Amino acid sequence: MTVSATSSATTATTTTSSSSKSSSSTLTSSDFLNLLVSELQNQDPLNATSTTDLVNQLTSYANFSSQQSINSSLSSLSSSFSSLVTLNSVNYIGHTVEAKTDTSTLSNGSATFGYSLSSAASDVSITVKDSSGNTVYTGTGTGNAGSNSFTWDGKNSSGTQLTDGGQYTISVTATDSAGNSVLNYTTVTGTVTGIDTSTSTPSLTVNGVSVSAANIIGVTS
């Protein structure tokens, strides 16, 4: 009796190739089992799959199945967490908050900024620029360790009062007596008037500027 090992091997190759082509980019549990069964059905009878290889494949399947379950659980957890973050962000609306950012909108002829210093500064320089990057104000600020505030009166270097509604960005340079920078970050304080949940981290509208909810460092009222 003649055994056609070549025919069986060819069939196995063809079956596996077809399965690979028809499968999607994501391998499902059913796909994995189909591939394993196809391998057993079409294996070369003169060179059958060894017990060790079969055990390794079953182990891989078990690990794959567990990973799929974990991924599903993490996806569900992520969705729940995102909903919770959104719900918490909505609670900010109507409240006055302090947030880490450097941009604010000129309102009622002024804009208030804040900045934090890791230690006392001997020299503090403040620059305010408009949305086009043009410098409209330069001056000095307080150098106390911790929180400091600066209120810009909305006037440019020529003394001209600028129109409300424009967005302005503050830049602070603070150094100690040795010339080392002691600036931690800049902040703005304002009322939250809206929320944008189109991204994974919701953004709040503070003084007309979009601020990540993750940058809120305090609620003052």
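Reader: What makes the approach of the Thr187 side chain to the side chain of Glu98 a polar contact?

Author: The separation is 3.1 Å, and a polar contact is a pair of N or O atoms within 3.5 Å, where within protein one atom must be able to donate a hydrogen and the other to accept it, and where residues adjacent in sequence count only if both atoms are side-chain atoms. The value of 3.1 Å falls within 3.5 Å, and the pair is therefore listed as a polar contact. The model is predicted, so that local features need pLDDT of at least 70 and side-chain atom pairs count only at pLDDT 80 or more, while totals for chains, interfaces and linings use all residues. Side-chain values use heavy atoms, with hydrogens and water left out, and residues are numbered from 1 along each chain as its sequence is written.

Reader: Why is Thr187 called buried or exposed?

Author: Thr187 has a relative accessibility of 2%, and buried means under 20% relative accessible area, exposed over 50% and partly exposed in between, with a 1.4 Å probe and protein chains only. Thr187 therefore counts as buried. Thr187 belongs to strand 8, residues 183-196, a strand being a DSSP run of E with at least two residues, a helix one of H or I with at least four, both numbered from the N terminus. When neighbours within four places in sequence are set aside, Thr187 has contacts (heavy atoms within 4.5 Å) with several residues, including Glu98, Phe113, Tyr115 and Ile217.

Reader: What places Gly109 among the buried residues, and which residues does Gly109 contact?

Author: Its relative accessible area is 18%, and Gly109 is therefore buried. Gly109 lies in the loop between strand 2 (103-105) and strand 3 (111-117), and beyond four places in sequence it contacts Trp152, Asp153, Gly154, Gln161 and Asp164. Its C-alpha atom is also 8.2 Å from that of Lys155, which is 46 residues away along the chain.

Reader: Why does Asn108 count as buried, exposed or partly exposed, and what is its phi?

Author: Asn108, in the loop between strand 2 and strand 3, has 73% relative accessibility and therefore counts as exposed. Its phi is positive, about 55°, although Asn108 is not a glycine. Most residues other than glycine have a negative phi. Asn207 also has a positive phi, near 55°; it sits in the loop between strand 9 (203-206) and strand 10 (209-212), and with a relative accessible area of 24% it is partly exposed.

Reader: How do you know that strand 4 and strand 5 pair?

Author: Two strands pair if DSSP finds at least two bridges between them, and strand 4 and strand 5 have five bridges, in the antiparallel sense. The pairing therefore meets that definition. One of the bridges sets Lys129 against Thr135 in strand 5. Strand 4 and strand 7 are joined by seven antiparallel bridges, with Lys129 opposite Thr169 in strand 7, and strand 2 and strand 7 by three, also antiparallel, with Ser104 opposite Tyr168 in strand 7.

Reader: What makes strand 2 and strand 5 edges of the sheet?

Author: The four strands form an open antiparallel sheet in the order 2-7-4-5. Strand 2 and strand 5 (135-140) each have a single partner strand, so one side of each is left without a neighbour in the sheet.

Reader: What makes a set of residues a nonpolar core, and which residues have the most contacts inside the largest one?

Author: A nonpolar core is a set of buried Ala, Val, Leu, Ile, Met, Phe, Trp, Tyr and Cys residues joined through side-chain atoms within 4.5 Å. The largest such set has 19 residues, and Tyr115, Val124, Ile126, Val128, Phe150, Trp152 and Tyr168 have the most contacts inside it. Strand 3, strand 4 (123-129), strand 6 (146-152) and strand 7 (167-175) each supply at least two residues of this core. Apart from it lies another core of eight residues, among them Val97, Val192, Leu204 and Val206.

Reader: What links Asp130 to Ser132, and where does Asp130 lie?

Author: Asp130 lies in the loop between strand 4 and strand 5, and its side chain reaches the backbone nitrogen of Ser132 at 2.9 Å. Farther along the chain, Asp130 touches Val136, Gln167 and Tyr168, residues up to four places away not being counted.
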